[in-house]
Amino acid sequence: MSFDSDKEKKLEAFLKKNNPIPPDAKLGEYQRILRALENNKSSWWKNISEFFWPSLKWLVPVGTAAILTFIFWTAPFSKYDPEVEQALAMMMGPYPSEINGDLEEDWLSLAEMVSQQDRI
Amino acid sequence: MEKQGHQINNLIEQISGGNLKNFSELYETHALLVRSVIYKLCHPQNLDDLVQEVFIKIWNGLPKFRMGSKLKTWIYRIAYNSAVDALRKKKVVFQELDETTGKVEHRQDWFYRTLILKGLNQLTEEHRSVLVLCCLEELTVEEVAEIIHVPVGTVKSRVHHAKANLYEILKKEGVSL
């Protein structure tokens, strides 16, 4: 069924004539609004800029990443840190290469002593 | 017109500075408008709460209000958004229609107004919005487009379909138009 301009005009007139009217506001509505505004003002978090809360979305991950980077950067994890090297050396004792090195030196000195005795 | 704009500008500046006295002026001028649009859009039991919510939003939003748009349109937009939000969050409890609702002089008037509200409730949210704003609040199509953020052509099309639907609903209810 088509809805022509004649029906449209009749409906518009009907709506205009019988436009619903809202019930009256309760007494003291404005005072209630003022009280609500005062309460709203006293809550500091409601006065924070509206841009702050969306910025938390990126502030939290970026801040966390920055803190973690700082911790790793300053923590003594590097193998080139002399203090770490020293601590490791104390904990683990001499390296096998050092032991071998000592043995090699012993053999060399023994060989030298033998050759000196031979000459004598 | 320019003088009126200047007055509104002054009013907004004073309210933004925390002047509650001037805010009462704004409230008195626009309270009925806000009340009316919320009542017709969602017909809630908690109408007073929603009106209060809208005025708090107006108070908080005024410092950011741009004079590029009309104050009335801006207030309509806040009221419309609050009503739609309340509907979507199901914060609205529909008020039972009774004879004590509204200022009614005649029983027939009350009957027809009730039918219109019932008819509006049967429409989709999109159709109801444009019908309330265009036909009942008598805003221009351009103003409605600005309020609900859709193109003018879309508003025109929705108004046409909304009217056709409401016409059918009213006819089924026995209203002879």
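**Two helical chains: questions and replies**

From the N terminus on, the elements of chain A run α-α-α-α-α. The model is predicted.

Me: How many helices are there in chain B?
Reply: Chain B has zero strands. From the N terminus on, its elements run α-α-α-α-α-α-α-α. The number of helices is eight.

Me: What share of the residues of chain A count as buried?
Reply: Chain A has 120 residues. Its accessible surface comes to about 10,100 Å². Carbon and sulfur atoms hold 65% of that surface. The buried share of the residues is 18%.

Me: Which residue of chain B meets Glu12(A) in a salt bridge?
Reply: Glu12(A) lies in helix H1 (residues 5–17) of chain A, and its partner lies in helix H8 of chain B, so the pair joins two chains. The N to O distance is 2.4 Å. Glu12(A) is partly exposed at 35% relative accessible area. The partner, buried at 4%, is Lys163(B).

Me: Is Asp48(B) buried or exposed?
Reply: Asp48(B) sits in helix H3 (residues 47–61) of chain B. Its relative accessible area is 12%. Buried means under 20%, so Asp48(B) counts as buried.

Me: Which residues are linked with Lys26(A) in a network of salt bridges?
Reply: Lys26(A) is in the loop between H1 and helix H2 (29–42) of chain A. Lys26(A) counts as exposed, at 54% relative accessibility. One salt bridge of Lys26(A) has its closest N and O atoms 3.6 Å apart. The linked residues are Glu29(A), Arg35(B) and Asp48(B).

Me: How many residues apart are Glu126(B) and Arg158(B)?
Reply: Their side chains meet in a salt bridge, 3.6 Å from N to O. Glu126(B) belongs to helix H6 (residues 125–136) of chain B, and Arg158(B) to helix H8 of chain B. Glu126(B) is partly exposed at 44%, whereas Arg158(B) is buried at 16%. Along the chain they are 32 residues apart.

Me: Why is H5(B) oblique to H8(B)?
Reply: H5 spans residues 107–122 of chain B and H8 spans residues 152–172. Their axes are 10 Å apart. An angle over 145 degrees would count as roughly antiparallel, and 65 to 115 as roughly perpendicular. The pair is oblique because neither range holds its angle of about 125°.

Me: What accessible area does the nonpolar patch with Trp53(A) have together?
Reply: Trp53(A) is found in helix H3 (residues 52–74) of chain A. Trp53(A) is partly exposed, at 40% relative accessible area. Phe52(A), Trp58(A), Leu59(A) and Val62(A) complete the surface patch. Together the area is about 500 Å².

Note on methods:
Residues are numbered from 1 along each chain as its sequence is written. Chains are lettered from A and ligands numbered from 1 in the order in which they are written. This is a predicted model: local features need pLDDT of at least 70, side-chain atom pairs count only at pLDDT 80 or more; totals for chains, interfaces and linings use all residues. Side-chain values use heavy atoms; hydrogens and water are left out. Patches are made of residues with over 30% relative accessible area and no salt bridge: like charges are joined within 9 Å, nonpolar side chains (Val, Leu, Ile, Met, Phe, Trp, Tyr) within 5 Å. Accessible areas come from the Shrake-Rupley method with a 1.4 Å probe; for residues, only the protein chains shown count as cover. Helices (H or I, at least four residues) and strands (E, at least two) are DSSP runs, numbered from the N terminus. Buried means under 20% relative accessible area, exposed over 50%, partly exposed in between (1.4 Å probe, protein chains only). Axes are lines fitted to C-alpha atoms, for helices over the stretch in contact, and angles run from 0 to 180 degrees between N-to-C directions. Angles under 35 degrees count as roughly parallel, over 145 as roughly antiparallel, 65 to 115 as roughly perpendicular and the rest as oblique.
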